[in-house]
Amino acid sequence: MKNIFVTATNTDIGKTYATTILIKKLAQSGLNVGAFKPIETGVITAPQDGLKLLKAVQEHNPNFKKITIDDIVPIQFSLPAAPYIAKKEERIDFDKIEKAYKKITSYSDIVLIEGAGGLLVPIEEDLFMIDLISHFNAHTLLITHDKLGSINDTLLSLEALNTRGLEYTWCINQRHDRDDFQTITLPYYLKHFKTIYTLQENIDQITQRLITYGHTHRDT
């Protein structure tokens, strides 16, 4: 069993988009792929990110016909805020998370676990989204954006991962003007990183990294 924790430099960067693409790619590699989003906020009638994940895994893993949206997203809050705020006076029910996680893993060779927001989004006063990576013994896939500010946002997230000694792969979700990206962001990345992946151009390489990750994998 392998776990991949999909996170991003902030909210609305492309975690769910990346996860749904990877579900298809990993399934094409012959793996039974699972998806899990332990906590989703901003849920009015149903968790929208979770529904996208459920639809994607059910298309590629027949065993997930037995899985419900409450298995994919066991903890749901209506307020669109960090879980620590959205839960108000409640405590996060980790027994519920563990029960759903075990059900997901029973049908999976590899599980993509999608976080909420960025790495330092608080879950409890002393627990952050980044802490779930170690909890699930996962390799991290960090998604960053391609706009002005990408360098700062990426480096801050990588520093948090490095400080905790966590393994990761990182990539760029290139959604905007390519010429702007090549002018204001790419020169720094080319100078300071050995490998640069984008979801749009390097999804096969990213997929292979996630399949074969080991204790020495850290894309810096």
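Colleague: Where does the largest share of the lining of the largest pocket come from?
Modeller: This is a predicted model, where local features need pLDDT of at least 70, side-chain atom pairs count only at pLDDT 80 or more, and totals for chains, interfaces and linings use all residues. A pocket is an open set of points on a 1 Å grid over the protein atoms alone, with protein on both sides within 12 Å along at least five of seven lines; lining residues have an atom within 4 Å of a point. α1 (15-28), α2 (48-60) and β5 (110-118) each supply at least two lining residues. The largest share, 4 residues, is from β5.

Colleague: Which residues lie nearest the centre of the largest pocket?
Modeller: Residues are numbered from 1 along each chain as its sequence is written, and side-chain values use heavy atoms, without hydrogens and water. The lining holds 20 residues. Nearest the centre are Thr11, Asp12, Lys15, Asp49 and Gly117.

Colleague: Which residues do shared salt-bridge partners join into one network?
Modeller: A salt bridge puts a side-chain nitrogen of Lys or Arg within 4 Å of a carboxyl oxygen of Asp or Glu. Lys37 pairs with Asp49 at 3.9 Å, N to O. Lys37 also pairs with Glu114 at 2.8 Å, N to O. The network is Lys37, Asp49 and Glu114.

Colleague: Is Glu114 buried or exposed?
Modeller: Buried means under 20% relative accessible area, exposed over 50%, partly exposed in between (1.4 Å probe, protein chains only). Asp49, at 25%, is partly exposed. Glu114 has 1%, so it is buried.

Colleague: How many residues apart are Asp71 and Lys103?
Modeller: Their side chains meet in a salt bridge at 3.1 Å, N to O. Asp71 is in helix α3 and Lys103 in helix α5 (helices are DSSP runs of H or I, at least four residues; strands of E, at least two; numbered from the N terminus). The separation is 32 residues.

How values were computed. On a 1 Å grid over the protein atoms alone, a cavity is a set of points where a 1.4 Å probe fits but cannot get out, and a pocket is an open set with protein on both sides within 12 Å along at least five of seven lines; lining residues have an atom within 4 Å of a point.
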